[in-house]
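Could you walk me through this structure in my viewer, one selection at a time? I am new to it and would like to know what to click on next and what I will find there.

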Amino acid sequence: MEKHQLVCIVCPMGCYLEVTKENEEYNVTGNKCPRGKAYGMKELTNPTRVVTTTVKIKGGLLNRLPVKTKEAIPKEKIFECMKFIDSIEVKAPISVGDIIVKDLLGTGVDLVASRSM
Amino acid sequence: MLKYDIVVVGGGPAGLAAAIEAKKNGVDNILVIERDRELGGILQQCIHNGFGLHVFKEELTGPEYAEKFITELKNMGIEYKLDTMALEIGEERVIHAINTVDGFMRIKAGAIILSMGCRERTRGAISIPGTRPAGVFTAGTAQRFVNMEGYMVGKRVVILGSGDIGLIMARRMTLEGAKVLAVAELMPFSGGLTRNIVQCLEDYHIPLYLSHTLMEIKGKDRVEGVVIAEVDKNRKPIPGTEKHYDCDTLLLSVGLIPENEISKNAGIALDPVTSGPIVNESMETSIEGVFACGNVVHVHDLVDFVTAESKRAGKNAARYIKKEIKADAKTAKTKPGEGIRYIVPHMVRPENVDGTLDLFMRVDNVYKDMNMIVKLDGKEIKRMKKKHLAPGEMESVKIKKEDLGFGEDAVITVQLEKEGA
């Protein structure tokens with residue numbers, strides 16, 4: 001039986017999880033909500049993160065527009081995505097939630113604006 | 001002289017929530033004063049996610065969280081002045097403020113809500129030895145440069161202090177292509193949320209050195225390196241444990257201080273532990289009709305708690321305007337007991353409590369498996385089991401109004417006790 005100690009990062013509660021694996025079956029304890037259970041299993045099988053960053057914006061109040069991946073993307077794709085996002089430039093006006101990149105690098109996840117400017 | 005029922009000083013998350021809640025409670029004539037060029041406060045530079053889980057049940061970024069409140073404020077037609085600096089609160093709740101459009105203004109307020117937030121401790125505040133080159137930033141300043149202005153602040157970075165902003169900047173700098181060499185923390189535990197240690201440091205293999213401090217900054221024009229050493233239990237550096245890092249940037253994440261220059265000059269009594277005003281259950285300060293909320297009162301780790309507290313301040317400021325608050329009601333003091341550093345509010349008048357009383361507090365060390373016990377004049381009124389407690393994570397207790405019956409000069413204490421003791 002495999003045992004893993006994790007800290008849940010789904011919310012700021014930061015539950016201390018213990019994930020055990022027995023016969024390909026994962027069991028999570030220590031979570032205070034169902035999302036913690038899902039996180040514990042996912043973290044060991046396919047860890048993902050929401051990436052938040054900025055893109056260049058012209059004609060806005062600021063030089064950078066904050067953006068985020070609408071859903072979590074695989075952890076190992078983060079740097080590849082950052083490199084791609086670096087080449088993007090948008091023009092104001094932009095509304096919060098506007099899609100900046102559709103299906104970011106084939107992850108199936110859109111990059112969206114996280115404020116209006 | 002301008003006249004408003006309520007003037008809110010500061011247009012960040014605290015001020016926005018307070019103004020909106022005051023309006024919802026029947027006060028129409030409200031003005032928000034903001035010194036920045038836009039509303040939203042520091043949330044606008046906090047582009048990471050994790051905001052709003054309590055308030056909106058979804059995970060938002062700082063700007064998204066701010067925008068919800070800004071939109072609501074605008075839709076409600078609440079007045080605000082940007083690029084406007086509040087200078088002073090004088091007698092009779094007259095605020096002195098200045099901007100380039102109106103010039104110098106005197107604003108008479110029926111009630112004032114202080115929501116100026118907090119500021120970062122700087123190099124000067126912690127007396128770091130060494131030369132004084134460029135490349136030393138507070139984490140929040142670096143955050144503003146990188147996330148809003150579009151300037152990268154360095155390539156090889158060492159971070160002193162493990163507060164949440166420092167941890168988040170460790171990840172941010174890494175994503176932007178910099179190499180974060182180390183995070184050094186003076187205390188034997190991190191000052192940030194555990195989730196941030198995991199997703200900002202461990203995810204990117206950034207080493208965290210607990211019980212370590214900064215010995216020296218090297219470099220004349222630009223930072224060329226720093227020296228870090230381990231400290232003993234008295235926080236004194238241990239000779240021979242020095243580590244040298246070649247870096248061009250040092251970020252400081254060494255704590256936040258409530259921004260209370262205006263409060264001090266107005267003669268508002270401050271708590272030496274929180275550095276914020278002493279407040280009662282209505283979030284009213286020692287000056288009648290002057291309320292305070294958010295990081296100006298005590299530094300919060302979650303904006304959701306700021307919002308909840310500020311709504312209470314906004315609602316009570318409205319009640320004050322409508323003369324619904326009993327000023328001379330029976331009062332109990334709150335007193336931090338074993339293991340607790342401070343409690344907000346500092347005073348409670350049960351007659352003015354609206355349903356439940358929320359006490360917010362921080363513990364003084366990392367604890368496991370404890371009971372948090374609330375006592376009223378020595379009699380236990382509430383007990384909660386806590387698996388894990390840390391100074392970086394704010395705790396709260398809800399007490400029902402009916403549990404608050406007491407005589408004159410009562411004391412409410414909160415203390416920790418080892419489970420099973």
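## A tour in selections

Leu105(A) is our starting point: select it in the loop between β9 and β10 (111–113) of chain A. Bear in mind as you look around that this is a predicted model. Leu105(A) is not a glycine, yet its phi is positive, at about 45°. Most residues other than glycine have a negative phi, and most peptide bonds are trans.

**Two cis peptide bonds**

Stay in chain A and select Ala92(A) with Pro93(A), which are joined by a cis peptide bond with omega about 0°. Pro93(A) sits in the loop between β8 (89–91) and β9 (99–101) of chain A. Now go over to chain B and pick Val344(B) and Pro345(B), where you will find a cis peptide bond with omega of about 0°. The loop that holds Pro345(B) runs between β21 (340–344) and β22 (347–348) of chain B.

**Helix α5(B) and its neighbours**

Two packed helices are described by the angle between their axes and the distance between the axes. Select residues 164–175 of chain B, helix α5, together with residues 194–201 of chain B, helix α6: they pack at an angle of about 15°, and their axes are 8 Å apart. That angle is why α5(B) counts as roughly parallel to α6(B). Their crossing is left-handed. To see the contact, show Asp164(B), Leu167(B), Ile168(B), Ala170(B) and Arg171(B) from α5(B), along with Asn196(B), Ile197(B), Gln199(B), Cys200(B) and Leu201(B) from α6(B). Colour this contact by class and you get six nonpolar, two polar and two charged residues.

Keep α5(B) selected and add helix α2 of chain A, residues 78–85; here the packing angle is about 65° and the axes lie 10 Å apart. The two helices, α2(A) and α5(B), are therefore roughly perpendicular to each other. Where do they meet? Look for Ile78(A), Phe79(A) and Met82(A) on the α2(A) side, and Arg172(B), Thr174(B) and Leu175(B) on the α5(B) side. This contact of α2(A) with α5(B) is made up of four nonpolar residues, one polar and one charged.

**Two cavities**

How many cavities of 30 Å³ or more does the structure hold? There are two. The largest cavity has a volume of about 140 Å³. Select Val50(A), Val51(A), Thr52(A), Arg171(B) and Leu175(B), which lie nearest its centre among the 16 residues of its lining. Helix α5(B), which you have already visited, gives the largest share of that lining, with four residues. By class, the lining of the largest cavity has seven nonpolar, five polar and four charged residues.

For the second largest cavity, with about 50 Å³ of space, turn to chain B. Its lining includes Asp36(B), Arg37(B), Glu38(B), Arg144(B) and Met148(B). Three nonpolar, three polar and four charged residues line the second largest cavity.

**A pocket to finish**

The last stop is the second largest pocket, which holds about 720 Å³ of space. Of the 26 residues that line this pocket, Met13(A), Lys32(A), His388(B), Glu393(B) and Glu395(B) lie nearest its centre. Highlight β2 (16–22) of chain A and β24 (367–376), β25 (379–389) and β26 (395–400) of chain B, the elements that give two or more residues to the lining. Strand β25(B) provides the largest share, four residues. Colouring the pocket lining by class shows nine nonpolar, seven polar and 10 charged residues.

Methods:
Residues are numbered from 1 along each chain as its sequence is written. Chains are lettered from A and ligands numbered from 1 in the order in which they are written. This is a predicted model: local features need pLDDT of at least 70, side-chain atom pairs count only at pLDDT 80 or more; totals for chains, interfaces and linings use all residues. Side-chain values use heavy atoms; hydrogens and water are left out. Axes are lines fitted to C-alpha atoms, for helices over the stretch in contact, and angles run from 0 to 180 degrees between N-to-C directions. Angles under 35 degrees count as roughly parallel, over 145 as roughly antiparallel, 65 to 115 as roughly perpendicular and the rest as oblique. A crossing is left-handed if the near helix is turned anticlockwise from the far one by less than a right angle, and right-handed if clockwise. Contact means heavy atoms within 4.5 Å. Ala, Val, Leu, Ile, Met, Phe, Trp, Tyr, Cys and Pro count as nonpolar, Asp, Glu, Lys and Arg as charged, and the others, Gly among them, as polar. On a 1 Å grid over the protein atoms alone, a cavity is a set of points where a 1.4 Å probe fits but cannot get out, and a pocket is an open set with protein on both sides within 12 Å along at least five of seven lines; lining residues have an atom within 4 Å of a point. Grid points are joined across faces, edges and corners, and a volume is the space filled by probe spheres set on the points.
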